[in-house]
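Here's a quick briefing to read alongside the model. Take a look at the structure first, then go through the points below.

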Amino acid sequence: MAGERTGAWFGFGFCGFGQALGSGRGHQVLSPEPLRAPGAGLDICRVSASWSYTAFVTGGGQVELSGSARGAAGGCKDAWASEAFLVVLRPGPGSGPGAELQAWAPGSALRGEPLWAQTVVPEAERKDGPGGGETQAGPLPLLPCVRAYVSPRPPFYRPLAPTLRARRLELGAEHALLLDAAGQVFSWGGGRHGQLGHGTLEAEPEPRLLEALQGLPMTEVAAGGWHSVCVSETGDIYIWGWNESGQLALPTRSLAEDGETVTGEATGLNEDGSEVKRVARGENGAPAPFIAVQPFPALLDLPMGLDAIKASCGSRHTAVVTRTGELYTWGWGKYGQLGHKDTTSLDRPCRVDYFVDKQLQVRTVSCGPWNTYVYAVEKEKS
């Protein structure tokens, strides 16, 4: 990942269970600090964070746990952390091409026997569809080379329709987002916060295409607790769902200025379907729109028209990496997960200046529910 330049992982936000997150002093880290993962060093290639612990996967196939769950294991291709269990993908028994999917109790320290295990056999190479005989690949919870994914709730192993050639899959608290080989986005699951993007608050039992994004190929999807983000091939950001803490970068009542007199309130829907509470200001009576729910994808502009290449979502915060290697964050900031040296929540994208000041270019970001992990490299010398 680092190429020819020196790179390192950084962390900030909630570490109340002792998660490796910078210095880890107290229960929070307010600004990015070099990650101190046990035994992993600079070889980390994947970070998967649950609420109370984090799993680090190294380039050598080692999984290291930090936080409420601790332990280590070798011979792992990938790992995915949830509060219900830890999932690891290991080479299958024998010399065949298959892999073994294992689910462990987080507190087991990866010792003894897994809660359940399943052999994952790659499907036969297909000659139809995008890429000809190209097989599927993607990080957990999407399973490589098979049309299935793993869920933290029963049934744990869930098949996908044969017509879906999945490239990436992200799970929120109650919903799922899938990016297919053609760059189309599908969503399903709970929709009461508008997180599915279909213009309603209804649930969807099966993957449903986001019609609002048809014809706009996407390269990234990210699912937060109850909000969703995707990034297009041209670097545009589309965002929808719950805006309680400003995680959609839209005006929200909870972050309105203190001391403002409220004289009246009405709730309705905008023409684009967003739910708005209009609150009259005491000083002049002019209505101020506060968006609680955005059930359709909304185009979000970063400052100075910057293009995005990566996105990740926490429970109620959002992080985006730009093409120039800058990190922007917004939403809930109670534990410093926005990286701005404070616990302020924001309803607008704000650059994390730490990486600019340190002459670092951000390459990727991975949000836990209440914290954020970032990989950055030294800028090229001019």
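One open sheet has four strands in the order 7-8-9-10, paired in the antiparallel sense. Strand 7 (78-81) and strand 10 (116-120) sit at its edges with a single partner strand each, so one side of each has no neighbour in the sheet. Keep in mind that this is a predicted model: local features need pLDDT of at least 70, side-chain atom pairs count only at pLDDT 80 or more, and totals for chains, interfaces and linings use all residues. Residues are numbered from 1 along each chain as its sequence is written, and side-chain values use heavy atoms, with hydrogens and water left out.

**More on this sheet**
- Strands are DSSP runs of E, at least two residues, numbered from the N terminus, and two of them pair if DSSP finds at least two bridges between them.
- Strand 9 (residues 99-104) pairs with strand 10 over five antiparallel bridges, and L101 stands opposite Q118 in strand 10.

**The sheet with strands 2, 1, 28 and 27**
- Here, too, is an open antiparallel sheet of four strands, in the order 2-1-28-27.
- Its edges are strand 2 (28-34) and strand 27 (360-367), each with a single partner strand, so one side of each is left without a neighbour in the sheet.
- Strand 27 and strand 28 (residues 371-378) are antiparallel partners over seven bridges, with V365 opposite V374 in strand 28.

**N243**
- You'll find N243 in the loop between strand 19 (237-242) and strand 20 (262-269).
- N243 is buried, at 0% relative accessible area (buried means under 20%).
- The N243 side chain reaches the backbone nitrogen of L248 at 3.0 Å.

Conventions:
Buried < 20%, exposed > 50% of the residue type's maximum accessible area, 1.4 Å probe, protein only. Polar contact = N/O pair within 3.5 Å; in protein donor to acceptor, adjacent residues only side chain to side chain.
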